[in-house]
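User: I would like the reasoning behind the labels used for this model. Please set each value against its definition.

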Amino acid sequence: MEVAMAYAEEAPPLSIFATAAVAGISIKADPELPSGSAPTFSFPSGEEFHGTGILLRYLGRIASVPDFYNRDAFATAQIDEWLEYATVFSAGAEFEKSCTYVDNYLSLRTFVVGYSLSVADIAVWSGLAGTGQRWESIRKSKKFQNLVRWYNSILSEYPVLSEVIQKYVGRRGIGKPGLVNKKENDGTGIKDENNEIEKAEGSFDIDLPDAELGNVCTRFPPEPSGYLHIGHAKAALLNQYFAQRYKGRLIIRFDDTNPAKESNEFVENILNDLDTLGIKGEGPTYTSDYFPQLMEMAEKLISEGKSYVDDTPREQMQKERMDGIESVNRNNSVEQNMALWKEMVAGTERGKQCCLRGKLDMQAANKSLRDPVYYRCNPISHHRVGSKYKVYPTYDFACPYVDSIEGVTHALRSSEYHDRNEQYYLVLQDMGLRKVHVWDFSRLNFVYTLLSKRKLQWFVDNGKVEGWDDPRFPTVQGIIRRGLTVEALKQFILSQGASKNLNLMEWDKLWTMNKKIIDPTCPRHTAVFQEGRVLLCLTNGPQEPFVRIAPRHKKYEGAGKKATTYTQEIWLDGADAAAVSEGEEVTLMDWGNAIIKHVEKDKNGTIIHLSGVLHLEGSVKTTKLKLTWLPNISELVNLSLVELDHLITKKKIRDY
């Protein structure tokens, strides 16, 4: 739906534009009101709503986002309270005081109200973003870490908000934008269908061809033959990004045309992974839902002489395609082709020798056009439809058909399929169906990493890994199990943008992003390696152990507290013990300085014992070594640290 809004030009209501962008609601905005006027919604009936708070509540009620405003009485009242509070950020003198309050409030929370996004989050988020450079400076500092974490999480989840900021917020705040003419745009960074799209922030500075606001439909069509990996995550997030950017639709569809590789286990785990990534779309639908229509289309093409049944052996067929040699069956009659097609459908021995091929162009320089296979026999039971069918369509045949039938306007595919784009268009043309735009993006390639599901399946089948969620696997479940946060994964993929440039990437950048996210809030604990550890006896240390309560994170109270025991004997890592020398002053972390008086070694020269004295009045600035330690008590907890290396030793897999 579209809502008409008027507002004062010098004070665009950022929270309304942001809420509409997140909710997928089109705003027809006109900055026609006099200075100081409240924003107004106008309806065809002649009725109007006035004021930011009222308009936000209205958008919250009509939004398709679950629980965006309509909740139980208490939670809705909390949302109302935050909608009123959000205006305080525009009062300059109260800004940092308000940041402190919200930062403390969010210390143990992911959202402002409850456990999901609400219009209150967007109102507070917009209040911060609307101050321009003032907030950006704070955002880059180490102040208000909970607030920054929360702000970045929302921006990562809804990248369309970047376009709203770019349009309406300048360095000095709301009303001082940079590049876009406000009167030509509706608040999403997108003009109407008669104008070109404004360039988005960062590397999403790319337009989809012939895209119209509100009429774009993308799809994410994984084959249920494995778990989602990081490459699939990029495809899914890009499809969602463009669907949101153009206020369109995203369809989740399973391309289940190969029963030999597919299973319900993969379907369930792909859906779980999409949920983990925050990918929301229509469906899921299944290509198998269209099997009857696809078979009708196959018979239509046979009857029109646009496809034929071929019993050429596979290896010979491949050679003929490479050499541009037509099959001896290419010019068989429609009656001959239909008879053999029925043999295929029945799954007879004769039918199993055949396949259905499209009659495109055997002399084309683009070899994907040399009569591709449309249907093959496969007697294996399908995970959804059982043994009903004995023939199954190929991706080349089924994908363009289902895309067109489901209303997809833009089919996003990784650039490895680029040579097949011409085939995609010709197949649609022969079918007589609506054109779908194919748009390429670069696939993710990592060093020491395979992203082929077929090859990953080999590792699983041969017991080289624990399963698809092995922490050495590039699957979504694998890398999250290894310690990656979902937020870091999203930020990394979105940072790659929609470029078509192919790159072989290192994993370091992804893990660096992850560290930046978890470091401000991750609890700290102390450990020493059990093997080779050395006891340090502090002769003037406490005769009786005592305990101090300390924060698990010195800069983040939300991490909680920990109890540290101080004893006369403490454990050091063997490597740390080997680095000290007699008479040296060292710093014991979170305790103070100590002087090493004696170093005892065994006959091999390995340090086996240290003795020293506390020198707590010493300055930590003067010591070279800062040593972690553990008390010599029975309550110490044993744990195993697993260091995960790459599964593959070859850096560039294409050379393998």
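Analyst: What follows takes the labels one by one.

This is a predicted model, where local features need pLDDT of at least 70, side-chain atom pairs count only at pLDDT 80 or more, and totals for chains, interfaces and linings use all residues. Residues are numbered from 1 along each chain as its sequence is written, and side-chain values use heavy atoms, with hydrogens and water left out.

User: Why is Cys217 called buried or exposed, and what about Cys399?

Analyst: Buried means under 20% relative accessible area, exposed over 50%, and partly exposed in between (1.4 Å probe, protein chains only). Cys217 has a relative accessible area of 2%, so Cys217 is buried. Cys399 has 4%, so Cys399 is buried.

User: How many disulfides are there, and how do you know?

Analyst: The count is zero. A disulfide is a pair of cysteine sulfur atoms within 2.5 Å. The closest cysteine sulfur to that of Cys217 is in Cys399, 12 Å away, so the pair is too far for a bond. From the side of Cys399, the closest cysteine sulfur is in Cys217, again at 12 Å and too far for a bond.

User: Why is Lys435 called buried or exposed?

Analyst: Lys435 has 53% relative accessibility, so Lys435 counts as exposed. Lys435 lies in the loop between helix 16 (421-431) and strand 15. Helices (H or I, at least four residues) and strands (E, at least two) are DSSP runs, numbered from the N terminus.

User: What does Lys435 contact?

Analyst: Contact means heavy atoms within 4.5 Å. Leaving aside neighbours within four places in sequence, Lys435 is in contact with Tyr425 and Leu428. Ile653 is 218 residues from Lys435 in sequence and 36 Å from Lys435 in space, C-alpha to C-alpha.

User: Why is Thr257 called buried or exposed, and which residues does Thr257 touch?

Analyst: The relative accessible area of Thr257 is 11%, so Thr257 is buried. Thr257 sits in the loop between strand 8 (249-254) and helix 10 (264-277). Not counting residues up to four places away in sequence, Thr257 touches Glu262, Thr287, Phe291, Tyr392, Pro393 and Ala398.

User: What makes strand 14 largely enclosed by the rest of the structure?

Analyst: Strand 14 (residues 410-414) has five of its five residues buried, so strand 14 is largely enclosed. Both faces are covered. One side holds His410, Leu412 and Ser414, and the other holds Ala411 and Arg413.

User: How do you know that strand 14 and strand 15 pair?

Analyst: Two strands pair if DSSP finds at least two bridges between them. Five bridges join strand 14 to strand 15 (residues 437-441), and the two run parallel. Within strand 15, Val438 is the bridge partner of Ala411.

User: What makes helix 8 mostly covered?

Analyst: Eight of the nine residues of helix 8 (residues 160-168) are buried. They are Val160, Leu161, Ser162, Glu163, Val164, Ile165, Lys167 and Tyr168.

User: At what angle do helix 4 and helix 7 pack, and what is that called?

Analyst: Axes are lines fitted to C-alpha atoms, for helices over the stretch in contact, and angles run from 0 to 180 degrees between N-to-C directions. Helix 4 (residues 95-105) and helix 7 (residues 145-157) pack at about 80°, with axes 7 Å apart. That makes helix 4 roughly perpendicular to helix 7. Angles under 35 degrees count as roughly parallel, over 145 as roughly antiparallel, 65 to 115 as roughly perpendicular and the rest as oblique.

User: Which residues meet there?

Analyst: Cys99, Val102 and Asp103 in helix 4 meet Gln145, Asn146 and Leu147 in helix 7.

User: Which strands are the edges of the sheet ordered 7-8-9, and why?

Analyst: This open sheet of three strands has parallel pairing. Strand 7 (217-220) and strand 9 (282-286) each have a single partner strand, so one side of each is left without a neighbour in the sheet. Neighbouring strands are turned by 30° against each other on average, direction ignored. Strand 7 is joined to strand 8 by four bridges. Among them, Thr218 has Leu250 in strand 8 as bridge partner. Helix 10 packs on the sheet, touching strand 7, strand 8 and strand 9.

User: What makes strand 2 and strand 4 the edge strands of the other sheet?

Analyst: An open sheet of four strands has the order 2-1-3-4, with mixed pairing. Strand 2 (26-33) and strand 4 (48-50) each pair on one side only. Six bridges join strand 1 (residues 2-8) to strand 2, running parallel.
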